[in-house]
Amino acid sequence: MDSSLMRKAKMLLDSTENTCVFCGQQAVFADRRRGVRPLLDLLESGADVAGFAVADKVVGKAAAYLYCLLNVGCLYARVISQPALSVLQERGIPAEYSQIVPAIQNRTKDGLCPMESAVMEIDDPSEAYHIILKTLVELGT
């Protein structure tokens with residue numbers, strides 16, 4: 001894990017309105033949108049963020065699978081779900097966090113996040129990607 005890149009990613013997360021920050025040796029990508037959309041957009045754009053240090057506000061299992069597909073080098077989450085941490089650990093992505101929770105709640109805090117719920121029983125990043133896209137269509141987002 002490149003500690004200087006991780007420090008930079010965390011600083012940019014903490015000092016801005018960004019929800020996720022990707023720091024590489026030559027580039028920085030940051031986004032202010034909530035949810036998995038920023039990660040999907042990076043995947044779909046073909047941006048090469050392999051090996052980047054990432055800082056994210058909230059990482060659930062769906063996001064963890066997308067980070068695997070993006071081949072990030074390391075990740076910091078303010079809040080991470082236990083299933084997300086397991087996904088990252090199983091795939092050799094070093095992860096730090098401030099808080100670990102059993103699962104990510106939805107935005108109204110009255111149930112599971114629909115993305116977390118959609119991939120809860122999935123064990124493959126590629127399959128998770130397709131389930132995430134399908135769930136977004138079903139949610140109309």
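This report walks through the sheet of a predicted model and the helices beside it.

**The sheet**

Five strands make up an open sheet. Their order is β2-β1-β3-β4-β5, and the pairing is mixed. Strands β2 (28-31) and β5 (95-101) stand at the edges. Each has a single partner strand, so one side of each is left without a neighbour in the sheet. On average, neighbouring strands are turned by 5° against each other, direction ignored.

**Strand β1 and its partners**

Strand β1 covers residues 20-23. Four bridges join β1 to β2, and the two run antiparallel. They form a hairpin, with four residues between them. On the other pairing, β1 meets β3 in the antiparallel sense, again over four bridges. The table gives partners for some β1 residues.

| β1 residue | Opposite residue | Strand of the opposite residue |
|---|---|---|
| C20 | D31 | β2 |
| V21 | A30 | β2 |
| F22 | V54 | β3 |

Where do the side chains of β1 go? In a regular strand, side chains alternate between the two faces of the sheet. Here C20 and F22 point one way, while V21 and C23 point the other way. Are these four residues buried or exposed? All are buried.

**The helices**

Helix α1 (residues 3-14) packs on the sheet. The helix touches β1, β2, β3 (53-59), β4 (74-81) and β5. Its direction makes about 40° with that of β3. Helix α3 (residues 61-70) lies across β1, β3 and β4. Helix α3 runs at about 165° to β3.

Definitions and conventions. Residues numbered from 1 in each chain as written. Predicted model: local features only at pLDDT ≥ 70, side-chain atom pairs only at ≥ 80, totals over all residues. Heavy atoms only, no water. Pairing = 2+ DSSP bridges. Axes fitted to C-alpha atoms, helices over the stretch in contact; angles between N-to-C directions. Contact = heavy atoms within 4.5 Å. Buried < 20%, exposed > 50% of the residue type's maximum accessible area, 1.4 Å probe, protein only.
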